[in-house]
Amino acid sequence: MSSLANNYNRRRLSFKKGKGSFLYSTNGKKYLDFVQGIAVNSLGHACPKLVSAINKQSKKIWHVSNAFIIPEGEKLARKLTQKTFAKKIIFQNSGTEATEAAIKVARRYFYSIGKPKKNRILCIKNSFHGRTIAAIFASNSKKMIEGFGPKVGGFDHFEFGNIKSLKKSITNNTAAVMLEPIMGEGGIKVHSKNFLRNLKKICNKKNILLIADEVQCGIGRSGKIFAFEHSKIKPDIVPIAKGIGGGFPMGAVLMTNKVASCMVAGSHGSTFGGNPLAMAVGNAVVEQIFKKKFLKNVEKKSKYFHNELKKIKNDYPMLIKEVRGVGLLIGLKLFNNQAKFIQNLEDNNLLTIRAAENVVRILPPLNVKKSEIDLAIKIIRKVCSELN
Ligand SMILES: Cc1ncc(COP(=O)(O)O)c(C=O)c1O
């Protein structure tokens, strides 16, 4: 009997070792891990470059307060600003902290320019931005908010992909629209380029900030550093986490100068955010992912993967409804409940994970090998033939 609370439906599986795309279970089996901590281990398990970075840093300094300068954090912030739209960074420890901080920045910005009533955040119905008390009301999904009232105010909602619903939900008090360019937990739902461009136009016209939550779809997962780049739009605030730490817990909020100027001393903080160990790993992660060739490779491999999956879908049209996603953020939308499909994949040594709308999420490490994609394809095909 576990002493852990029951807030997870845990699979009866544990691991003793991981290497690259593979996990080795405590009961002696080898799995192709296409969950990777849910899009966290961007360079796979035990990546030698990350192991070396954390080892080196662990012998120097583990932790100092943000009351002092942390050179590793300065370095990572510099790299992030050099490679992206952002001019200023605040480091956090997780995705939900990053989205919360993004909301704070948006509100504080309008406060700082004398518009304190412009403080409402407009989100997509049943989106996912984390599990803190504010983030669950940002989502407003019944499952996530049940029993956690009183309701946190200040959030409005519109329908996914629906410009009419978006326009209707905007008021003079709307400070920001917050959305994931590709909804991960929501079922790998990709916003059309058109929708995002129209959204950005509306934001510009109405003086509304755009928060692109790239916690799951960012840092190379879509084949570009950020998923919003596919639509060539420019957000004002971007929370990130997951992939930037490559398995070490960290998050960050990326901002333009315009909005960052409101975050004066004392306006936000975190004991562990920007911790030297996390920063050392983050630096090692971006050193790989920011290489042009690296992202080109993600694009190339993901195209191959998507094509092979589409062939399977065509062969099993009664089983797979749709192949979703961009880059290596992939979803198989099934006609039936996805639990059995995921279990059968696991029985055949391939780990995947559910998302909403009967979607099986497939999240290989970004440095996955073609041979590993081929192995996954073979297993998915076998499971389809078993379930057909
Ligand atoms: C888009 C998005 N935002 C926020 C979060 C919350 O991140 P964390 O679980 O690190 O708090 C997640 C986690 O899955 C996410 O996918």
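Select helix H8 and look at what its buried residues pack against: helix H7 (163-169), strand E7 (174-179) and strand E10 (209-212). You are looking at a predicted model, so keep that in mind at each stop.

**Stop 1: helix H8**

Now colour the buried residues of H8, which are Leu196, Leu199, Lys200 and Cys203. Looking down the axis of H8, you will find them within an arc of 100 degrees, so they line one face of the helix. An α-helix has 3.6 residues a turn, so residues three or four places apart point the same way. Turn to the face of H8 that looks away from the buried side, and you meet the exposed residues Asn194, Lys201 and Lys205.

How far apart are the end C-alpha atoms of H8? They are 20 Å apart, and this agrees with the 20 Å that the 14 residues of H8 (residues 193-206) should span at 1.5 Å a residue. Step just past H8 to Asn207, which takes a positive phi of about 55 degrees.

**Stop 2: strand E7 and its partners**

Go back to E7, one of the elements that the buried residues of H8 pack against. E7 is mostly covered, with six of its six residues buried. Strands of a sheet pair through backbone hydrogen bonds, either parallel or antiparallel. Strand E5 (residues 120-124) pairs with E7 in the parallel sense over four bridges; to see one position in register, select Arg120, which stands opposite Thr174 in E7. E10 also pairs with E7, again parallel and over four bridges. Here the residues to select are Ala176 and Leu209, since Leu209 in E10 is what Ala176 stands opposite.

**Stop 3: the ligand**

Next, select the ligand and show the residues around it. There are 14 of them, and the closest are Gly95, Thr96, Gly130, Val215 and Gln216. What is the make-up of this shell in nonpolar, polar and charged residues? Three are nonpolar, eight are polar and three are charged.

**Stop 4: loops with unusual backbone geometry**

Select Ile219, in the loop between E10 and strand E11 (237-240). Its phi is near 55 degrees, a positive value in a residue other than glycine. Is Ile219 buried or exposed? Ile219 counts as buried, because it has 29 C-beta neighbours inside 10 Å.

Compare that with Asn140, in the loop between helix H5 (133-139) and H6. Asn140 also has a positive phi in a residue other than glycine, near 70 degrees. This residue is partly exposed, with 18 other C-beta atoms within 10 Å.

Then move to Pro150, in the loop between helix H6 (142-145) and strand E6 (155-158). The peptide bond that joins Gly149 and Pro150 is cis, with omega about 0 degrees.

**Stop 5: strand E11**

Select E11 and show its side chains. In a regular strand the side chains alternate between the two faces of the sheet. In E11, Ile237 and Pro239 point one way while Val238 and Ile240 point the other way, and all are buried. Add strand E12 (residues 251-255), which pairs with E11 in the antiparallel sense over four bridges. Ala252 in E12 is the residue that Ile240 stands opposite.

**Stop 6: helix H10**

Now pick helix H10 (residues 276-289), where Val285 lies. H10 has 14 residues and reaches 20 Å from its first C-alpha to its last, close to the 20 Å expected at 1.5 Å a residue. Ten of the 14 residues are buried, so H10 is largely enclosed by the rest of the structure. Among the buried residues are Leu277, Met279, Val281, Val286 and Ile289. To see what covers them, show helix H2 (48-58), helix H3 (71-83) and helix H11 (292-315), which are included in that cover.

Zoom in on Val285, which counts as buried with 28 C-beta neighbours inside 10 Å. Which residues does Val285 touch, leaving out those up to four places away in sequence? They are Ser42, Leu43, Leu50, Ile244, Gly245 and Gly246. Draw a C-alpha to C-alpha distance from Val285 to Leu50: the two are 7.0 Å apart in space but 235 residues apart in sequence.

**Stop 7: a four-stranded sheet**

Finish at the open sheet of four strands, with the order E1-E2-E3-E15 and mixed pairing. Its edge strands are strand E1 (15-19) and strand E15 (350-351), each of which pairs on one side only. E1 and strand E2 (residues 22-25) run antiparallel and are joined by four bridges. As a last selection, take Phe15 and its bridge partner in E2, Ser25.

Key
Residues are numbered from 1 along each chain as its sequence is written. This is a predicted model: local features need pLDDT of at least 70, side-chain atom pairs count only at pLDDT 80 or more; totals for chains, interfaces and linings use all residues. A residue is near a molecule or strand if its C-beta atom, placed from the backbone, lies within 6 Å of it. Ala, Val, Leu, Ile, Met, Phe, Trp, Tyr, Cys and Pro count as nonpolar, Asp, Glu, Lys and Arg as charged, and the others, Gly among them, as polar. Helices (H or I, at least four residues) and strands (E, at least two) are DSSP runs, numbered from the N terminus. The expected span of a helix is 1.5 Å times one less than its number of residues. A residue is buried if 20 or more other C-beta atoms lie within 10 Å of its own, exposed if 12 or fewer, and partly exposed in between; C-beta atoms are placed from the backbone. The arc is that of the directions from the helix axis to the C-beta atoms. Two residues are in contact if their C-beta atoms, placed from the backbone, lie within 7 Å. Two strands pair if DSSP finds at least two bridges between them.
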